[in-house]
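User: Could you take a close look at one part of this structure, the metal site, and walk me through it step by step?

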Amino acid sequence: MGLYEKEGAYGAVMDSLDNLLKKCPELKEKAGKKLEELVKELSLEANVDTVKEVASPVDPIEKIKKGFQDFKAYFKTEQKLFKALAESQHPKWMIIACSDSRVDPALVLGLELGDAFILRNISSLVPPYSKQRGHASAGSAIEYAVLHLKVEHIMIIGHSRCGGIKALLGMNEDGSNRFSEYIEDWVEVAQPATKIAKAKCAHNSSFEEQWTCCVKESVNVSLWNCMTYPFVRVAVEQGSLTLHGAYFDFVNGAFDRWGLQCSVEEPQPL
Ligand SMILES: [Zn+2]
């Protein structure tokens with residue numbers, strides 16, 4: 001069965017239009033406008049909001065095109081900033097955040113380009129110091145931020161409804177119920193947080209409460225893991241670097257920050 005029989009007059013006309021535009025590509029713009037008018041007319045007739053759907057920026061490619069057009073306008077008005085950034089970067093912050101699409105730290109905290117050196121991974125985890133290549137992504141980012149950029153603050157941000165921590169909470173202690181290639185191996189970095197969260201949460205607490213508690217404790221595990229990196233420990237002890245934990249609750253629009261105290265007391269006579 002040919003196209004014409006299958007789609008009737010519509011198929012024949014569209015095929016003719018296709019052939020015409022192949023021969024005369026300069027007519028494409030004019031044809032596009034005419035077709036747009038036709039779609040509007042038919043949409044009105046059918047009482048369907050098709051035009052809005054067609055023109056909607058929901059299309060992912062159109063969305064990033066529009067986003068970059070906006071950025072180009074910003075780029076033109078901030079030439080001083082971009083000339084300085086072209087030479088070097090001096091961020092005060094290193095931020096470690098989850099890859100979750102709902103928790104972009106730059107958007108949430110109003111950071112500009114050049115303000116923060118950002119590492120994002122599943123559940124914003126920092127594995128303990130190790131020379132193993134498997135953990136080089138986090139280690140190299142922290143090393144570069146501390147030793148080369150000399151950031152003054154590292155903040156690790158956990159967030160509400162973190163899927164990685166939910167997966168961690170669902171794991172058997174012996175790891176017998178793994179379901180993915182990589183995820184459990186990675187979130188296991190925060191394994192100590194599950195025991196603390198379960199101990200802290202009352203028996204009658206909801207899963208949501210336990211989940212929230214576990215996210216916050218996973219941030220604390222990562223903070224302590226940060227301290228196992230020799231260059232982090234030295235910078236913290238010298239007072240040139242401060243570590244922060246944080247919890248971003250995107251359900252209620254709240255953000256909590258806390259510090260890590262790890263000083264040695266002055267000796268006191270007994
Ligand atoms: Zn997450």
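Analyst: In this predicted model, the residues that donate to the zinc ion follow the sequence spacing C-x60-H-x2-C. The pair C98 and C162 links distant parts of the chain, since C98 lies in strand β1 (residues 93–98) while C162 sits in the loop between β3 (153–159) and α8 (163–169), 64 residues apart. The atoms that coordinate the zinc ion are SG of C98, NE2 of H159 and SG of C162, at 2.0 to 2.3 Å.

Consider next how far these donors are covered. C98 has a relative accessibility of 6%, and because buried means under 20%, C98 counts as buried. C162 is likewise buried, with a relative accessible area of 3%, and H159, which is found in strand β3, is buried with a value of 1%.

The UniProt record, an unreviewed entry, places the feature "binding site" at C98, D100, H159 and C162. These positions are spread over 65 residues of sequence, yet they cluster in space, with a largest C-alpha distance of 9.0 Å.

D100, one of the positions in that record, is located in the loop between β1 and α6 (105–109), and its relative accessibility of 15% makes it count as buried. Leaving aside residues up to four places away in sequence, D100 touches R120 and H159. With that same kind of neighbour left out, H159 touches C98, D100, V103, V215, Y247, F248 and F250, so this list includes the donor C98 as well as D100.

Notes. Residues numbered from 1 in each chain as written. Predicted model: local features only at pLDDT ≥ 70, side-chain atom pairs only at ≥ 80, totals over all residues. Heavy atoms only, no water. Donors = N, O, S within 2.8 Å, 3.2 Å for Na, K, Ca; no water. Helix = DSSP H or I, 4+ residues; strand = E, 2+ residues; numbered from the N terminus. Buried < 20%, exposed > 50% of the residue type's maximum accessible area, 1.4 Å probe, protein only. UniProt positions renumbered as here; feature names shortened; annotations may be inferred. Contact = heavy atoms within 4.5 Å.
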